[in-house]
Amino acid sequence: ECSKGSFGQNCIGSCHCSLPCNHVSGSCPGDCDAGYTGFSCQKECEGDRFGVNCNSVCHCVDNKNCSRRNGICLDGCAAGYEGDNCQQEKTTKNILVFILVPLLLFVILAMGIVAAIWCWKKKKIAKRDKRVRKTSENMYSEAIPDDTAHIYEDIQMKESEGVCINKITSLPQSNLQNYVAQKKQEVEPFNDEFLRLPQTVLLPYTEATKPENSKKNLHNSILPYDHSRVKLQPDEISSSDYINANFISNQRYIACQGPTQSTLTDFWRMIWQLKCNTIIALKDTITSGKMMCMQYWPDEEHTESFGTIRVTHINTRSHTTYIHRRFIISKTGLYLQTGACQYENESWTIDQFFFRKWPDHDIPQHAEYILDFKTALKSKNITYPLVVHCSAGVGRTGTYICIDILLNEMLTGESVDVLACVTKLREERMHMVQKRTQLEFIYDVLVENILTKDYDIDVSNIPVEFSRIKETDNSTSVSILEHQFQGVIKQVQLHDMSITLKEDELANFDMNGVFIDGPSCESEFLVTETPREGKAAYFLKCLINKGYLNIVAFLDPSGDPPNYLPRTLNESVKLGQYLLELVSVEDKGICICSTLKVRFHNKKMSRMEEYEINHFLVTIWVDENYPSCGDVLNLSNMLRTRQNEQFNKKIAIHSRDNFYKSGLLCVIHILKDAITSQSVINIVRLVRLIKKIEPNIIPDCESYAYIWEVAEYLQKESLLYTNFMQ
């Protein structure tokens, strides 16, 4: 069935229901989510409507639209209304006026005296804060075009907002972990901090509201400030200088909305004119069947023109946390009177990195994902400004840029100030870091970075580092490797990632396991247990329904193959509704490779269906002794070769040892991709992530040491494996 929030053929429809919608028609059994209405809750609230089923009416100044979810008016309430979402009518009761006015006058007089004393004492502190802010403000002047620099100079942050942000928030790195742990105990962690951020539009954005420019904005409430907006140079295609994008942090970044149909050419004009060579994409083009961002690049091995700019898509490579696309950008020749071509030899390579671990309406499940993504980028030659976009260019974009800035500051500074960083971002582009959960995620990433940043190593240094950590610490008589495992890896906070798969009428069958993301796709691996006697049909049904048509099984110490596997060629075995036929079998030395043909009657679709399953029975790891590094890497290569030959990349791995062997094979498969595609890796962080998902994977220091042995062997054979991957 379709997952929650989707319905219809191929589950491409999206519904926004308070309860799961009908997976066929999309109808909602209850109310719609706030901001939606209609039969399947697909229609967003329009005009002055908001809230559950769009039943509420907002009262914003000048009849402007409010937030379709909570009714908040960004520019204030209409006359006669007040409150957080302008729903409370103002009333005047004369009887209270005569009672309250004298009392209020007395209170105001007393407060005035107290305020005067407070301001007198605060004058020295205010002068100090002004000096501090002036240092940071000077950073803006270099990033702002000369003809708009005066705009920023004339605008000062409101005193209340400046005092609010200056209150605390600069924390020593050594205290950050305890601070975050305390905040995590709150019902809504970091909500107080989030509410202290500037909540209103701070600076002018007149260019964005001009009629010729407003049609280029994806959202009429997210517009670029005038002082920091990116200005395009007129060219032979367009005289417009407008694009919904802002320079951030002294032109180190460009935060922009995802390209739309009307801004595709402008987006590539910006890339060309600013000589950018790297794009960070944080939003897929289509989410839950809805177009979120135009595909602004051609298909692989194709060329497409955007105005006078030509983009050629060279190749695409998938990795565990990201997809790397490489383009070549050039410009169609503009011939001068001399006959020479102005752009004849001008071209360069563009690297686009799509971070694939950011789910819609949520944050990445693990902080390690964004840190691994950052580690992968360390080997890339980035020319600034770095272009970062999601859909609107403020939520995910602001969160990523904030993380990037703070991680760089943590390399040299002893303290970190998250709220000050977000505040500065909001002064350069409105609404940056949109949600409380995004602020919480920033803190999570910083804590994980403190725990694991020292374990980044160059791939070329793996043998040297492995030799170092095997040495015994004289003060404890324990190896450094043991210290890493016991002190950093084993102390992870476990996430309940275990799954219980139940299929329709098979309520009595539970298949326990965990999904692990891999280089090829999300949930690439299903690590589970070998089916018990009499449960093979249910086991097979779960795998087919979940799309796992590649199965890796570890041979039992008894030497018996799995109970669902036919014993001889062309033999057929009946398992419930499934008929399994052994089509081919080949002993590869490290495993027995088989092809199974599965036929069954699909009752829902009223038709016969047939699938082909690739089966790998591992024979090199029967007892508790680890196989040789070469053998286990050959097994991983064999699996990767089969994945490259087919569309379905998912692999189910099962054994009888509580995920010990099957989980370790997943880790090695993931590690091999990192070593062969990156110049810097972090094995400690990878193992921490896997143990958060399932603690029985890599259960002891011995298995952790085996991962290092495989990494060392692979590094020494890196040229061979690099050629294999290519």
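A polar contact is a pair of N or O atoms within 3.5 Å. By that yardstick, the side chains of threonine 452 and arginine 685 make one, at 3.0 Å. Keep in mind that this is a predicted model. Here's a quick tour of that contact, the salt bridges and a couple of spots in loops.

**Around threonine 452**
- Threonine 452 sits in helix 12, which covers residues 436-452.
- Its relative accessible area is 0%, so threonine 452 is buried.

**Salt bridges**
- Searching the whole structure turns up 31 salt bridges.
- Aspartate 404 pairs with lysine 374 at 1.9 Å, N to O. Aspartate 404 is in helix 10 and lysine 374 in helix 9, so this pair ties together parts 30 residues apart in sequence. Both residues are buried.
- Lysine 378 bridges to aspartate 456, with 2.5 Å between the closest N and O atoms. Each partner lies in a loop, and the pair links parts that are 78 residues apart in sequence. Lysine 378 is exposed, at 51% relative accessible area.
- Lys184, Arg436, Glu440 and Asp444 are joined into one network by salt bridges that share partners.
- Arginine 269 and aspartate 266 form a salt bridge at 3.0 Å. They're 3 residues apart in helix 8, so about one helical turn separates them. Both are buried.

**Loops and surface**
- Asp299, Glu300, Glu301 and Glu304 make up a patch of negative charge on the surface. Glutamate 301 is in the loop between strands 14 and 15, and is exposed at 68% relative accessible area.
- Proline 695 is in the loop between helix 18 and helix 19, and is partly exposed at 34%. Proline 695 and valine 492 are 203 residues apart in sequence, yet 9.1 Å apart in space, C-alpha to C-alpha.

Methods: Residues are numbered from 1 along each chain as its sequence is written. This is a predicted model: local features need pLDDT of at least 70, side-chain atom pairs count only at pLDDT 80 or more; totals for chains, interfaces and linings use all residues. Side-chain values use heavy atoms; hydrogens and water are left out. Patches are made of residues with over 30% relative accessible area and no salt bridge: like charges are joined within 9 Å, nonpolar side chains (Val, Leu, Ile, Met, Phe, Trp, Tyr) within 5 Å. Accessible areas come from the Shrake-Rupley method with a 1.4 Å probe; for residues, only the protein chains shown count as cover. A salt bridge is a side-chain nitrogen of Lys or Arg within 4 Å of a carboxyl oxygen of Asp or Glu. Lys and Arg count as positive and Asp and Glu as negative; His and the chain ends are not counted. The place of a charge is taken as NZ of Lys, CZ of Arg, CG of Asp or CD of Glu. Helices (H or I, at least four residues) and strands (E, at least two) are DSSP runs, numbered from the N terminus. Buried means under 20% relative accessible area, exposed over 50%, partly exposed in between (1.4 Å probe, protein chains only). A polar contact is a pair of N or O atoms within 3.5 Å; within protein, one must be able to donate a hydrogen and the other to accept it, and residues adjacent in sequence count only if both atoms are side-chain atoms.
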